[in-house]
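These are my notebook entries on one protein model. I set out to record the fold, a few chosen residues, the strand pairing and the internal space.

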Amino acid sequence: MALRALPPATAARVADGDPAGFDWIDGTPPEATSGGAGIAVRAAAAGRYRPGWGVFVLSDAAAGTALGSIGFHGPPDAEGFVEIGYDLSPSARGAGWATDAARLLAGWAAAHPEVRTVCALTEPENVPSQRVLVRAGFRFVGERDGMRAYEIDASAATDADAAPAPDASADAAGVNAGNPPPS
């Protein structure tokens, strides 16, 4: 697995449904991936974009195929709370990609001292996504605004598997499963 950070200009293209130079498994970015890219674009327009706390394209590192996205809804707030979201193309679902990416991103976030809690929300009927979160180490904490809320404490997300050491060979634009996103 590889995660590639989308700078705001590329995120704007993905938000518009443009492949933006990626070879998407189903031809184009999935709808929620475009929506997640739009969050990053709006954050940049409002002056709240911080590199590392945006959206990443998730791809099969061996094949180079873009499978979906994962990212943050913004940087951590004053209480150390950060929310993640993810989406996979239909053809990429069920193979563990989302679980691995959620674990990786939660571990990377938790390695930052300003982060205390990583959260993800799901629609109540989205049982597959809820299973992804539980497998990634999140726990169900209740309902928020009609959504099911899952959280992982920073201390629980920083084990050796969740927060791998940086690899000097990773460039600022992308990471592999063994390398955290750039900070």
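The entries below go from the whole chain to single sites and then to cavities and pockets.

**Entry 1: the chain as a whole**

I note at the outset that this is a predicted model. I looked up the secondary structure and found four helices and nine strands in the protein chain. Reading along the sequence, I wrote down the order as β-α-β-α-β-β-β-α-β-α-β-β-β. The protein chain has 183 residues, and 45% of them are buried. I then turned to contacts with a separation of 6 or more, and recorded that 58% of these join residues 24 or more positions apart.

**Entry 2: Ser-69**

I located Ser-69 in strand 4, which covers residues 65-72. Is Ser-69 buried or exposed? Its relative accessibility is 6%, and since buried means under 20%, Ser-69 counts as buried. Which side chain does the side chain of Ser-69 meet in a polar contact? I found the side chain of Thr-33 as the partner, at 3.0 Å. Setting aside neighbours within four places in sequence, I listed the residues in contact with Ser-69: Thr-33 again, the run Val-55, Phe-56, Val-57 and Leu-58, and further on Gly-85, Tyr-86 and Asp-87.

**Entry 3: Ile-25**

I next looked up Ile-25, which is found in the loop between strand 2 (23-24) and helix 2 (31-45). Its relative accessible area is 35%, so I entered Ile-25 as partly exposed. How far apart in space are Ile-25 and Thr-65? The C-alpha to C-alpha distance is 5.8 Å, although 40 residues separate the two in sequence. Thr-65 also appears among the contacts of Ile-25 beyond four places in sequence, together with Ala-66, Leu-67, Ser-89, Ser-91 and Ala-92.

**Entry 4: strand 8 and its partners**

I examined strand 8 (residues 147-153), where five of the seven residues are buried; I therefore describe this strand as largely enclosed by the rest of the structure.

Which way do strand 6 and strand 8 run relative to each other? Strand 6 (residues 117-122) and strand 8 run antiparallel and are joined by six bridges. In this pairing I noted Cys-119, which stands opposite Glu-151 of strand 8.

Strand 7 (residues 139-144) also pairs with strand 8 in the antiparallel sense, over five bridges. I recorded two positions here: Arg-144 has Met-147 of strand 8 as its bridge partner, and Gly-142 stands opposite Ala-149 of strand 8. The link between strand 7 and strand 8 is a hairpin with two residues between the strands. In that turn, Asp-145 has a positive phi of about 50°.

**Entry 5: cavities**

Rolling a probe the size of a water molecule over the atoms shows where empty space is left. I counted two cavities of 30 Å³ or more.

The largest cavity holds about 60 Å³ of space. I listed its lining as Ile-39, Ala-40, Ala-43, Arg-48, Tyr-49, Arg-50, Trp-53, Gly-54, Phe-72, His-73, Gly-74 and Pro-75. Which element gives the largest share of this lining? Helix 2 does, with three residues. By class, I entered seven nonpolar, three polar and two charged residues.

The second largest cavity holds about 30 Å³. Ala-5, Leu-6, Tyr-49, Gly-52, Gly-54, Val-55 and Phe-56 line this second space. By class, its lining has five nonpolar and two polar residues, with no charged residues. I marked Tyr-49 and Gly-54 in my lists, as each lines the largest cavity and also the second largest cavity.

**Entry 6: the largest pocket**

I closed with the largest pocket, which has a volume of about 830 Å³. How many residues line the largest pocket, and which lie nearest its centre? The lining has 36 residues, with Tyr-86, Asp-87, Leu-88, Asn-126 and Ser-129 nearest the centre. The elements giving two or more residues to the lining are helix 2, strand 4, strand 5 (81-88), helix 3 (97-110), strand 6 and helix 4 (127-135). By class, I recorded 18 nonpolar, 12 polar and six charged residues in the lining of the largest pocket. I cross-referenced Entry 2 here, where Tyr-86 and Asp-87 are among the contacts of Ser-69.

Definitions and conventions:
Residues numbered from 1 in each chain as written. Predicted model: local features only at pLDDT ≥ 70, side-chain atom pairs only at ≥ 80, totals over all residues. Heavy atoms only, no water. Buried < 20%, exposed > 50% of the residue type's maximum accessible area, 1.4 Å probe, protein only. Polar contact = N/O pair within 3.5 Å; in protein donor to acceptor, adjacent residues only side chain to side chain. Contact = heavy atoms within 4.5 Å. Pairing = 2+ DSSP bridges. 1 Å grid on protein atoms, 1.4 Å probe; cavity = no way out; pocket = protein on both sides within 12 Å on 5 of 7 lines; lining within 4 Å. Points joined across faces, edges and corners; volume = space filled by probe spheres on them. Nonpolar A, V, L, I, M, F, W, Y, C, P; charged D, E, K, R; others polar.
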